[in-house]
Amino acid sequence: MKKAWWKESVIYQIYPRSFCDSNGDGIGDLNGITSKLDYLKELGIDVIWLSPVYKSPNDDNGYDISDYQDIMDEFGTMEDYDRMLAEAHKRGIKIVMDLVVNHTSDEHRWFVESRSSKDNAKRDYYIWKDPVDGKEPNNWGSCFSGSAWEFDEQTGMYYLHLFSKKQPDLNWENPQVRKEVFDMMTWWCEKGIDGFRMDVISMISKDQSFPDAPLNGGLYGDSGKVVCNGPRVHEFLQEMNQKVLSKYDIMTVGECAGVTIEEAKKYANSDGKELNMVFQFEHVDLDMGEHGKWGDQRPKLSQIKKVMSKWQTELDEVAWNSLFWCNHDQPRMLSRIGNDSEEYRERSAKSLATCLHMMQGTPYIYQGEELGMTNAPFETIDQLRDIESINAYYEMSEAGIYTKEEMMRFIRYKGRDNARTPVQWDDSENAGFTTGTPWIMVNPNYRQINAKEELARPDSVFHYYQKLIALRKQYDIIVYGKYQLLDPEDEQVYAYIRTLGEEKLLVVCSFVKEEVKFDVPEMFAGKDAKVLISNYEESDVMKNGMLQPYEATVWILKN
Ligand code: TEU
Ligand code: CA
């Protein structure tokens, strides 16, 4: 397999609003990030993926961009940005920017012009349609509730917005739009950034017949089903690759909602014509309810294993996987499929981490995951900040699909704000995140769970992550080895083998609080396998085949 720096890197995602506030206004900012670079260096990560920091009216926390070449007021200035980039590079840390080009903000000057008249030169930068029988052009729903079409009085036409109505979709069919986007990307590359994470890049090419979408139990058509992996998406990405990406030594990861294995082999093919890797979402979409995202049924471990293993084996040698449990759109995995109780939180966090970080692909850590941060106990709707949760709460309850109480329960389990509570730095007021009033509540468990405490204790979750990251750099087998799942039907233990040449790795992670039996595979039984890492001081597995609660242990065997 071809080696590459981005295959051997560990990436850390920063959601700037919630990371660290340097000036007491309650909002995380760039200088806050700069002040924590030494912390990240100590953790050992190689790359930061920075969620959007561009100018934005913040309808969707920066994913609605009004100027791609300027910095959001609350986050600081371009000078602050340049300093952060330089300080990161000084420490050998790379920075990957979030590229949000499926849509802009409705306050972007392109849209302001586009909506001004039917014959404006930028009219065709966005997707405008006449009403059909006085109504929306088709049944598409927005990912943030309601119709995906907004009627604009001024010209009597609808524009498309797959997300909020303040996020109009760009018209990628227009070569001028593509040129603007590519020029903007080049500008950032010339500045010296190290790559792009591409927001909903699988949605940029729309079927020009704009067909209705299946209803799937919703009030509107499930537009995701018809806009993902559209007819020209690969053509557009190949053009982007030729005109921009191929000219720089950068990494790219496409956020590809609705991606299948077959599609991923195109997006992230090792021939390098499009992107380096994709984010797929099958493993975090297993707990979808009857009406899409909202529900609180935990997925079964066997389902998770099936999905993860499919991606591990099918992309092997053809494309490259990204590995993640958490991001700013997902609840904390520790609360979702792990155990966040006081008694088992740490073991469970380490078990989840081991399970993911020993796989083939590039691992992503979401801020606070390395501290074992958990979901937050949101009780009332006014504690929430996320447009997705707030809109869904009202839409679902008003339509009589779920009660408000049910929606609050689902939001507590799955809402995006779980990931967006401030990073817990220490046990002082507001977890040391800000000296002011935080823009979103701090998780009250910060007195127990915080970076200061984690850094001081050698057996903490933080130090465990540090070790996992270091191991990946020491052992090629962790990065490149072949993956083979053991016991697919077992609902308690996730175990697999990695192989590279003569070397073998055995990864065994318990997902339960009971002691459970594990059958050591023959190739390891009675052999002189060395423990690489474990969340217990001693493992009994090789002695009597018993796993302790949430035990995770990895053995290496060199023939
Ligand atoms: O997310 C795309 C996306 O598919 C989400 O709407 C996802 O379905 C949802 O968050 C799951 O709860 C990206 C960004 O990651 C997200 O933060 C933005 O809100 C969205 O695009 C629009 O830019
Ligand atoms: Ca601030």
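**Close-up views of a predicted model**

**View 1. Oxygen atoms of ligand 1 pair with acidic side chains.** An oxygen atom of ligand 1 sits 2.5 Å from an N or O atom in the Asp60 side chain. This is a predicted model. For Asp199, a polar side-chain atom is 2.8 Å from an oxygen atom of the ligand. In Glu388, an N or O atom of the side chain lies 3.0 Å from an oxygen atom of ligand 1. On its own, ligand 1 has 490 Å² of accessible area, and the protein covers 89% of it.

**View 2. The shell around ligand 1 holds 16 residues.** The closest are Asp60, Asp199, Lys293, His328 and Asp329. Sorted by class, the shell has nine charged residues, three polar ones and four nonpolar ones.

**View 3. Cys256 and Cys228 do not form a disulfide.** The structure contains zero disulfides. A disulfide is a covalent bond between the sulfur atoms of two cysteines. For Cys256, the closest cysteine sulfur is that of Cys228, at 8.7 Å, so the pair is too far apart for a bond. The cut-off for a disulfide is 2.5 Å between the sulfur atoms. Cys256 is also buried, with 0% relative accessibility.

**View 4. Cys326 is in no disulfide.** The nearest cysteine sulfur belongs to Cys355 and is 13 Å away. Cys326 has a relative accessible area of 4%, so this residue counts as buried.

**View 5. Met185 lies in the largest nonpolar core.** This core has 143 residues. Tyr81, Met185 and Phe196 have the most contacts inside it. Setting aside neighbours within four places in sequence, Met185 is in contact with Leu99, Phe196, Met198, Met240, Val244 and Leu245. Phe196 thus appears twice here: among the residues with the most core contacts, and as a contact of Met185.

**View 6. A second core is separate from the largest one.** This second core has 16 residues. Among them are Leu160, Leu162, Phe210 and Ala213.

Terms used: Residues are numbered from 1 along each chain as its sequence is written. Chains are lettered from A and ligands numbered from 1 in the order in which they are written. This is a predicted model: local features need pLDDT of at least 70, side-chain atom pairs count only at pLDDT 80 or more; totals for chains, interfaces and linings use all residues. Side-chain values use heavy atoms; hydrogens and water are left out. A residue is near a molecule or strand if one of its heavy atoms lies within 4 Å of it. A polar contact is a pair of N or O atoms within 3.5 Å; within protein, one must be able to donate a hydrogen and the other to accept it, and residues adjacent in sequence count only if both atoms are side-chain atoms. Accessible areas come from the Shrake-Rupley method with a 1.4 Å probe; for residues, only the protein chains shown count as cover. Ala, Val, Leu, Ile, Met, Phe, Trp, Tyr, Cys and Pro count as nonpolar, Asp, Glu, Lys and Arg as charged, and the others, Gly among them, as polar. Buried means under 20% relative accessible area, exposed over 50%, partly exposed in between (1.4 Å probe, protein chains only). A nonpolar core is a set of buried Ala, Val, Leu, Ile, Met, Phe, Trp, Tyr and Cys residues joined through side-chain atoms within 4.5 Å. Contact means heavy atoms within 4.5 Å.
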